[in-house]
Amino acid sequence: MYNAASDRYEKMRYNRCGRSGLKLSALSLGLWHNFGSCDNYDNMVSMVTTAFDLGITHFDIANNYGPYPGSAEENFGKIMKAVMTPYRDELIISSKAGYGMWDGPYGDHGSRKYLIASCDQSLKRTGLEYFDIFYHHRPDPETPMEETAAALDHIVRSGRALYVGVSNYSPEQTLKMSQILKSMGTPLVIHQPRYNMLERNIENGLQTVLEHEGIGSISFCPLAQGLLTNKYLHGIPKDSRATKSVFLTEDKVNNTDLSKIAALDEVAERRGQTLAQMALRWNLRGGKLTSVLIGASRPAQIVENVKALDAPDLTAEELTEIDDILGR
Ligand SMILES: NC(=O)c1ccc[n+]([C@@H]2O[C@H](COP(=O)([O-])OP(=O)(O)OC[C@H]3O[C@@H](n4cnc5c(N)ncnc54)[C@H](OP(=O)(O)O)[C@@H]3O)[C@@H](O)[C@H]2O)c1
């Protein structure tokens with residue numbers, strides 16, 4: 001029997017998501033890796049409860065997370081049923097559709113047919129009555145944006161989700177989607193872009209659109225999948241993501257200038273933090289993001305990462321030093 005920590009709301013920060021009524025924990029937990037059919041179920045339960053005990057209220061999934069695709073939703077559903085159901089109203093659970101999920105012309109991209117069918121499948125796999133946020137996972141250049149927007153609007157009006165978001169949309173696509181959704185009375189509440197010290201595309205116009213439109217943001221891969229931690233500084237550990245994922249390969253690690261990562265590690269050490277903690281702190285600097293979406297392979301990483309919030313904000317000198325190290 002799981003009883004959530006009674007002090008879980010004392011340390012975490014909760015930020016308003018754009019100009020909506022929704023608040024998100026400053027750190028959220030994503031289930032892209034380590035929640036699939038080949039992963040250890042007890043470890044998954046422990047990661048979810050550890051996160052919740054530390055004040056993380058937002059858990060992010062997608063239809064295709066696994067492997068096999070759909071298994072992360074199934075496992076999250078199992079965890080909900082086993083331990084988290086009493087806390088359903090304290091949780092913000094998101095899912096997404098936009099990448100290839102099933103065979104044939106209706107299992108991918110951004111049509112009304114795909115999005116609504118996929119949302120129904122995701123609800124079934126998780127056993128949830130509704131998602132708090134439902135995302136279009138990536139832009140679809142072929143489906144009229146009006147159709148994708150109408151599908152998202154329908155998903156909200158039919159009670160399948162409370163809020164809608166987009167992910168991986170450019171500034172122009174985000175502005176257009178925001179305007180269409182606004183005209184339908186279902187605001188675009190959140191954008192989920194990739195953002196970390198090494199990958200800063202959102203600074204080229206997206207943040208301006210989000211601020212103007214009052215859309216919140218949650219960054220994914222804030223640790224560049226583990227590259228922005230000290231774990232690869234002395235070789236590739238046997239159980240690390242680089243040994244088992246197609247998204248972060250050993251080649252990618254070997255082609256990274258690790259002397260820069262080591263220099264960043266020294267800045268973090270001077271601040272009394274680990275590099276992972278400094279990288280998360282960097283994402284949260286200036287309060288522009290609503291939340292930072294971390295991944296983890298074990299509960300101890302979540303404990304370490306939440307402590308990022310304890311340290312003071314990065315100073316102007318530290319930010320310049322980081323940019324100098326990275327040649328920016
Ligand atoms: N919308 C999209 O298109 C999209 C795309 C990608 C991700 N996402 C979302 O973003 C979430 C996070 O992505 P991500 O998992 O790539 O995030 P990340 O935070 O950049 O990387 C997480 C990985 O870094 C390692 N790590 C975490 N904390 C550590 C620590 N303190 N010390 C050492 N290593 C640490 C772990 O890998 P090891 O296994 O090596 O321990 C962990 O699995 C996903 O779960 C998903 O919800 C969305």
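This report describes the ligand shell, one helix pair and one strand residue of a predicted model.

Residues are numbered from 1 along each chain as its sequence is written. Because the model is predicted, local features need pLDDT of at least 70 and side-chain atom pairs count only at pLDDT 80 or more, while totals for chains, interfaces and linings use all residues.

The ligand is surrounded by 29 residues (C-beta atom, placed from the backbone, within 6 Å of it). The closest are Gly-30, Trp-32, Phe-220, Gly-226 and Gly-295. α10 gives the largest share of this shell, three residues. Helices are DSSP runs of H or I with at least four residues, strands runs of E with at least two, numbered from the N terminus.

| Element | Residues | Supplied to the shell |
|---|---|---|
| β10 | 291-294 | at least two residues |
| α10 | 299-306 | at least two residues |

Helices α8 (residues 258-270) and α11 (residues 316-325) pack at about 165 degrees, with axes 9 Å apart. The axes are lines fitted to C-alpha atoms over the stretch in contact, and angles run from 0 to 180 degrees between N-to-C directions. The two helices are therefore roughly antiparallel (over 145 degrees). Lys-260, Ala-263, Leu-264 and Val-267 of α8 meet Glu-318, Glu-321, Ile-322 and Ile-325 of α11 in the contact (C-beta atoms, placed from the backbone, within 7 Å).

Tyr-14 lies in strand β1 (residues 14-16). Tyr-14 counts as partly exposed because 16 C-beta neighbours lie inside 10 Å (20 or more would be buried, 12 or fewer exposed). Beyond neighbours within four places in sequence, Tyr-14 is in contact with Lys-23, Leu-24 and Ser-25.

Note on methods:
Parallel < 35°, antiparallel > 145°, perpendicular 65-115°, else oblique. Contact = placed C-beta atoms within 7 Å.
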